[in-house]
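This report looks at the salt bridges of one protein chain and at where their partners lie.

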Amino acid sequence: MEQATFGAGCFWCVEAVFQDLEGVEKVVSGYSNGRIANPTYREVCSGLTGHAEVIQLTYDPAKISFEELLEVFWKTHDPTTLNRQGADTGTQYRSGVYYHNEEQHRLAEAYKQKLNEAHAFESPIVTEIEPLKSFYPAENYHQNYYKQNGREPYCQFVVRPKVDKVRAVFGEKLKKATAQ
């Protein structure tokens, strides 16, 4: 098993995007690369801690590669907006790949360069690619949020369209029970 850590806006959205992929065994919402240990949601939302809202996933590279995870990452958020995803604004919502080893670093940089050279987006990608310096799990009520609160308005209007996109675009990568 290996780990990957991504920031792509609100962790509720990012968690929901990755948790039904075949080979992804566990997804934990949390905070990464800030200045204090064990931050709370309120502290991170203040914008003063420097943390990003992220998900850390544990995956089986024999079933899904890091490159495939990067593909899902790049296609399910806007990597061209600095400190913003939709209506969510602040440094905690920045786009980031927080790599665990040099291979992840190399692959993320190469993928970003390829997308920029192909003009895949109207604006240049601002996603930060940095080593994972710290990861702190978010409070329990943030974990598995979409699956537990799918009927809430935020989930219906913000999270669900991302989940539906993953099902439409990456249907062959979904766990069998999810794909049906």
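## A pair within one helix

Arg-160 has a relative accessible area of 37%, so this residue is partly exposed. The model is a predicted one. Asp-164 is likewise partly exposed, because its relative accessibility is 35%. Both residues belong to helix H6, where four residues, or about one turn of the helix, separate Arg-160 from Asp-164. Their side chains form a salt bridge with an N to O distance of 3.7 Å.

## A shared network

Asp-20, Lys-147 and Arg-167 are joined into one network by salt bridges that have partners in common. In total, the count of salt bridges is nine.

## Pairs between distant parts of the chain

Lys-173 and Glu-68 make a salt bridge in which the closest N and O atoms are 3.1 Å apart. Lys-173 sits in the loop between helix H6 (153–169) and helix H7 (176–179), while Glu-68 is in helix H3 (residues 66–75), so this salt bridge ties together parts that are 105 residues apart in sequence. The two partners fall into separate accessibility classes: Lys-173 is buried, at 13% relative accessibility, whereas Glu-68, at 25%, is partly exposed.

In the salt bridge between Glu-128 and Arg-94, the closest N and O atoms are 2.7 Å apart. Glu-128 belongs to strand S7 (residues 128–131), and Arg-94 to the loop between strand S5 (88–89) and strand S6 (95–99); the pair thus links distant parts of the chain, 34 residues apart. Glu-128 and Arg-94 are both buried.

Conventions. Residues numbered from 1 in each chain as written. Predicted model: local features only at pLDDT ≥ 70, side-chain atom pairs only at ≥ 80, totals over all residues. Heavy atoms only, no water. Salt bridge = Lys/Arg side-chain N within 4 Å of Asp/Glu carboxyl O. Helix = DSSP H or I, 4+ residues; strand = E, 2+ residues; numbered from the N terminus. Buried < 20%, exposed > 50% of the residue type's maximum accessible area, 1.4 Å probe, protein only.
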